[in-house]
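Here are my notes on the model, in numbered points. Please keep the structure open as you read.

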Amino acid sequence: MAIFDKFQQLAATRRAMAESGIQSINVVMDRVVSATEAVVNGRSLILAGTNNYLGLTFHPECIEAACDATRTLGTGTTGSRVANGSYSTHVQLETELADYFRRRSVIVFSTGYVANLGMLSTLAGAGDVFVIDADCHASIYDGCRLSGAEIIRFRHNDPGDLEKRLRRLGARIENTLIVVEGIYSMLGDRAPLGDIVAVKRRYPGAFLVVDEAHSLGVLGSHGRGMAEEAGVEADVDFIIGTFSKSLGAIGGYCASDHPDLDLIRYANRPYVFTASSSPAIIASTRRALGILSAHPELRQRLWDNARRLYARLQELGYRLGPEPSPIIAVRFAQREQAYALWTALIERGVYVNLVVPPATPDGSSLLRCSASAGHTPDQIATIGNAFADLKRLFGAASA
Amino acid sequence: MPTYEDILAIVTELIKPLAAAGRSIREDTDLVSDLEFDSLKVMNLIEQVEDRFDVSVPLNILPDIRTVRDFTVQLQAILGDN
């Protein structure tokens, strides 16, 4: 088999999508007007597939902080922190995140993917075991794989199945890391973290890692995520997350009380061999973290929008993810249905994410909407109206 | 501990409802090219096997599995370790 032969199935899928007029993986935004609007092929679209949960990407204070940092510190760091040294702002962001999470220390990474890849591949090694939720993100699977540890999946959001697998490990439990997410990225459902922690407590020695990528700024009375919401922060050994969702930038972090977290920095190849975040990114992230902490009303607005859109789509008869969430997944048995509706939504001025297997958890295809605190009530109504219009046009085929 | 033949019989029985209609299942049957298994079906099969044998099957073995025989051999090794 020649090198490129293995991509031919992918090429066929892409051709089929192109023939159906689907350009979802090649969308080019000519202009981004605000956190919730862009222009694509001359058409104004409401952005409802961004993960921009708090709508901070155009916050004037974040933009000003980024511009100021670029003027004073330059456009990039041109190397890793281990080789080139840290900027004081990298260290300040780590301190601010540690204060925010009430943790002993934090490591900042260049992306959320690198945070998972780096932490998971370094924490565990040959002879250790990962027990991960089946619906975990690709970055978690990839980090586990890179570690060389044994990887065992448990059924999605099923603490009973997790317990069965921990029990089977016997004495190996002390070399075990359980990995779950706060909110799952495809269907928007939350982990039953209280129940998962109850299981973990019955198996002393196991560590718990929670990826709060989609729950930072979204859940908990201070926005710290699912662990705060469930009242189990003390039971979570490592919190991993991203700056590219509610904080509106790019980057990742790991927060922990473990006294040796800092050691991991030096053994962590994805950290050691990646250029550190640019001054602009660090500056806007620090400002966004301040805004997230000081303005709980943004969270309220996000949830108002999410609940309103979920209720509207549910009322229209669409098959949705299991609970209201800022991620609202509209599910289709056939990918052609999802293709058709995605295109029709674009024509009606609404952009959502088209997700097809194998990226989806149960083989269905999704139109994945994400609500934002930045959406106006009119925009939420327009998104709902577009789906209503399609329900009339496509009828039963749209559910 | 179950023999190779015992495990093969159970694996074959669990594969049958997941395989494309009319496909015969032998030891050298390739799960992907002969039975058209996608990743979802492979995971489904693993979960059923795990329930049946009360064992956890590590994902690390997947790159070594192409055929029904490969899967059975790996499963026998896992059961032997437990």
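1. Which residue in β9(A) is the bridge partner of Asp211(A)? Ile240(A) is that partner. This is a predicted model. The strands concerned, β8 (residues 207-211) and β9 (residues 238-242) of chain A, run parallel and are joined by three bridges.

2. The wider sheet in chain A is open and has seven strands. Their order is β4-β10-β9-β8-β7-β5-β6, with mixed pairing. At the edges sit β4 (105-109) and β6 of chain A, each paired on one side only. The average turn between neighbouring strands is 20°, direction ignored.

3. Two helices of chain A deserve a look. Helix α4 (residues 88-101) of chain A packs on the sheet and touches β4, β9 and β10 (252-256). Its direction makes about 130° with that of β4(A). Helix α6 (residues 138-147) of chain A also packs on the sheet, touching β5 (129-133), β6, β7 (176-181) and β8. The angle between the directions of α6(A) and β5(A) is about 170°.

4. Now the interface. Here 15 residues of chain A contact 14 residues of chain B. The two chains bury about 1,200 Å² between them, 42% of it on carbon and sulfur atoms. Arg153(A), Arg155(A) and Arg168(A) supply 47% of the area that chain A buries against chain B, more than any other three residues.

5. Polar and charged pairs come next. Seven salt bridges link chain A and chain B. One of them joins the side chains of Arg155(A) and Asp51(B), at 2.7 Å, N to O. Ten residue pairs are in polar contact across the chains. On the side of chain A that touches chain B, β6 (150-154) and α7 (159-169) each give two or more residues. That side divides into eight charged, six nonpolar and one polar residue.

Conventions. Residues are numbered from 1 along each chain as its sequence is written. Chains are lettered from A and ligands numbered from 1 in the order in which they are written. This is a predicted model: local features need pLDDT of at least 70, side-chain atom pairs count only at pLDDT 80 or more; totals for chains, interfaces and linings use all residues. Side-chain values use heavy atoms; hydrogens and water are left out. Contact means heavy atoms within 4.5 Å. Buried area is the accessible area (1.4 Å probe) that two parts lose on being put together, summed over both. A salt bridge is a side-chain nitrogen of Lys or Arg within 4 Å of a carboxyl oxygen of Asp or Glu. A polar contact is a pair of N or O atoms within 3.5 Å; within protein, one must be able to donate a hydrogen and the other to accept it, and residues adjacent in sequence count only if both atoms are side-chain atoms. Helices (H or I, at least four residues) and strands (E, at least two) are DSSP runs, numbered from the N terminus. Ala, Val, Leu, Ile, Met, Phe, Trp, Tyr, Cys and Pro count as nonpolar, Asp, Glu, Lys and Arg as charged, and the others, Gly among them, as polar. Two strands pair if DSSP finds at least two bridges between them. Axes are lines fitted to C-alpha atoms, for helices over the stretch in contact, and angles run from 0 to 180 degrees between N-to-C directions.
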